[in-house]
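Thanks for coming. I will go through one structure, starting with its sheets and ending with its empty spaces. Please have the sequence and the coordinates open.

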Amino acid sequence: MPSTSQCRICGDQVNEFFDFGQQPLSDAFPAPDADHGSEFFFRLAVGLCSGCTMVQLMEEVPRDRMFHEEYPYVSSGSSFMRDHFEGLAKQLLATELTSDDPFVVELGCNDGVMLKAVAEAGVRHLGVEPSGGVADLAAAKGIRVRKSFFEEATALEIAAEDGRADVIYAANTLCHIPYMDSILAGVRALLKPTGVFVFEDPYLGDIVERTSFDQVYDEHFFFFTARSVGEMARRSGLELVDVERLTVHGGEVRYTLAPAGERKPSEAVAGLLASEEKGALGELATLQEFGNNVTRIREDLTALLRRLKDEGKTVVGYGATAKSATVTNLCGITPDLVSYVCDTTPAKQGRVTPGTHIPVRTPKDFAADYPDYALLFAWNHAEEIMAKEQAFRDAGGKWILYVPDVRIS
Ligand code: SAM
Ligand code: TMP
C-alpha cells in the first residue's frame, strides 16, 4: 500500500511516488574516526499533493539538525553564483529599491553572497540566517545579519524594529522550509502593500525533465511549480505575479509574489502554467515515470562504477554536494567504488561523506595525482568546474555524469 501524508500547504492527501530509502543528513560530514553508529538517518521519500499539487517530502527532519553553527555550505564558493547574485542585487536596486529609504530583507542570506552588493550600495537591509557560522561570514563583510530562523514571530519583530520591507528575497531557502504557513504569514506582516516577495528555487519541471533526482534530500522539502506556488500564495492573501526561468543549479524558477490584487500578473505566469499543464506536471503518472527513470540511472551508474573497478581504473568524486548524499546512499557508492571526493569547502575537507563515509579531500589532492575518472557530483557547476579542471582532461581524465543519464564525457 503506497504511503500517504497530509500536505503542508493545503492539508489534502499527499501520495508518495518515490522512496529513496534511509538517508543521512546531507550536510553532516562526520569526522573519519566518529562513532558512525550514532549517525542520524531518516526515510527520504517524495509525494504529490492530490489537492494543490505541491510535491513535498513525506517525512520532515527537525530544522535544528540541519541548520546550526556548523552548517558547512557557503554560497560564495562558486564564482558563477557570485556573479548571479550580484546581478540580481543590481536588478533589485534598479527596480524595486528606488524609494527614499528602501529596505530589503533576505531569508537564508548565508555568507552574504547577495546582500554584499546591497550593503555596498548603502541600502538598508537585513539578512535572516539561523546558521551561525555562515552568518558570521556575512557580518564580517559589513552585512547586517540577524541569527535566527525566519517565521511569523521573527517577521513581526523585524517589522516593529525596522519597519516594513520593499523586498523580501530568498534563494534556495524557501524550498527548505516546511512550516510555510508561518513563513507566508510573516511575509504578509513584514511586506509593504506595494512590496514584493521574490524567491528562487529548483524547478520541478527541470527536475522531472532531466531526472535530476539528487535535488531530493533532507533540506529540499518542497519542489515548486507555478501552479503549486500560485495555490500556496492564494491561500495566504498573496498572488503569483511573475516567473522567470533560471539556468543556475540545474534549472530554477524565480517567483515574484505580491499582496493579492496589487500587481497585474505577467504573461510569463500564464505561459509557465500552460507548459506545466501540457507536461502533466501535476499528475501522479508523470512523477511515477520520473521514479522509473531514477531506478534506471541507479542501475546504470552502479554497473558502470563496478565495471571500472573490475578494470582496475581509479575513480574519484568531484564536489561533496548535499545532492551527492542522495546519489551515494541510494546507489550504495562507498570508498571501494569512489576512493575520495574532492571539494573546496574547508569544513568538509578531512571529513567523510554522510552515510557512505568516502573521505573528502582538497582539489589540490586531485591535481597532484589525477584519477582515470571523476564522477561529477557538482554537475550543476559543470561549466565552471570543467573549465578550471581542463588540465585533468588534457592528462587523459574523463568525467562521469549521471543527469539526465549516465555517460562518460
Ligand atoms: N541563499 C543562499 C544561496 O542561494 O546560496 C544560501 C542557500 S542555503 C542552501 C539555505 C540557507 O537557508 C542556509 O544558509 C540555512 O541556514 C538557511 N535557512 C534555513 N531555514 C531558514 C529559515 N527558516 N529562515 C532563514 N534562513 C533559513
Ligand atoms: P552546490 O551544488 O549545492 O552548490 O554544492 C557545490 C559543492 O561543490 C560545494 O560543496 C562546493 C563544491 N565545489 C567545488 O568543490 N569546486 C567548485 O569549483 C565549485 C563551484 C563547487
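Five strands make up an open sheet in this predicted model, in the order β1-β2-β3-β4-β10, and the pairing is antiparallel. Which strands stand at the edges? They are β1, residues 4–6, and β10, residues 222–223. Each has a single partner strand, so one side of each is left without a neighbour in the sheet.

Inside that sheet, look at β3, residues 41–49, and β4, residues 55–57. Three bridges pair them in the antiparallel sense. V46 has L57 of β4 as its bridge partner. There is also a helix on these strands: α11, residues 322–331, lies across β2, which is 13–24, and β3. The direction of α11 is at about 80° to β2.

On annotation, an unreviewed UniProt entry places a feature at residues 7–67, named "domain: Methyltransferase putative zinc binding". That span is 39% strand and 7% helix, and its end C-alpha atoms lie 23 Å apart.

Now the other sheet. An open sheet of seven strands runs β7-β6-β5-β8-β9-β12-β11, and here the pairing is mixed. The edges are β7, residues 145–146, and β11, residues 238–246. Again each has a single partner strand, so one side of each is left without a neighbour in the sheet.

As a sample of the pairing, β5 at residues 103–107 and β6 at residues 124–128 run parallel, joined by five bridges. Across from F103 stands R124 in β6. Helix α6, residues 180–190, packs on the sheet and touches β5, β8, β9, β11 and β12. Its direction makes about 145° with that of β9. Helix α2, residues 79–95, lies across β8 (165–171), β9 (191–202), β11 and β12 (252–259). Relative to β8, α2 runs at about 165°.

The same kind of record, an unreviewed UniProt entry, has "domain: C-methyltransferase" at residues 248–404. Helix accounts for 43% of that stretch and strand for 15%, with the end C-alpha atoms 16 Å apart.

On to the empty spaces. How many cavities of 30 Å³ or more does the structure hold? There are two. The largest cavity has about 50 Å³ of space. Its lining consists of F17, V46, V55, L204, I207, V208, V216, F223, L287 and F290. Two elements give two or more residues to that lining, α7 (204–210) and α10 (284–310). The largest share, three residues, is from α7. By class, the lining has ten nonpolar residues, no polar and no charged. V46, the residue with L57 as its bridge partner, is one of the lining residues here.

The second largest cavity has a volume of about 30 Å³. L25, D27, A28, R65, M66, H68, D218 and E219 line it. Here the split is three nonpolar, one polar and four charged.

Last, an open space: the second largest pocket, with about 340 Å³. Its lining has 19 residues, and those nearest the centre are D27, E70, Y71, P72 and A347. Eleven of the lining residues are nonpolar, three polar and five charged. D27 appears in this pocket's lining and also in the lining of the second largest cavity. That is where I will stop.

Key
Residues numbered from 1 in each chain as written. Chains lettered and ligands numbered in written order. Predicted model: local features only at pLDDT ≥ 70, side-chain atom pairs only at ≥ 80, totals over all residues. Heavy atoms only, no water. 1 Å grid on protein atoms, 1.4 Å probe; cavity = no way out; pocket = protein on both sides within 12 Å on 5 of 7 lines; lining within 4 Å. Points joined across faces, edges and corners; volume = space filled by probe spheres on them. Nonpolar A, V, L, I, M, F, W, Y, C, P; charged D, E, K, R; others polar. UniProt positions renumbered as here; feature names shortened; annotations may be inferred. Helix = DSSP H or I, 4+ residues; strand = E, 2+ residues; numbered from the N terminus. Pairing = 2+ DSSP bridges. Contact = heavy atoms within 4.5 Å. Axes fitted to C-alpha atoms, helices over the stretch in contact; angles between N-to-C directions.
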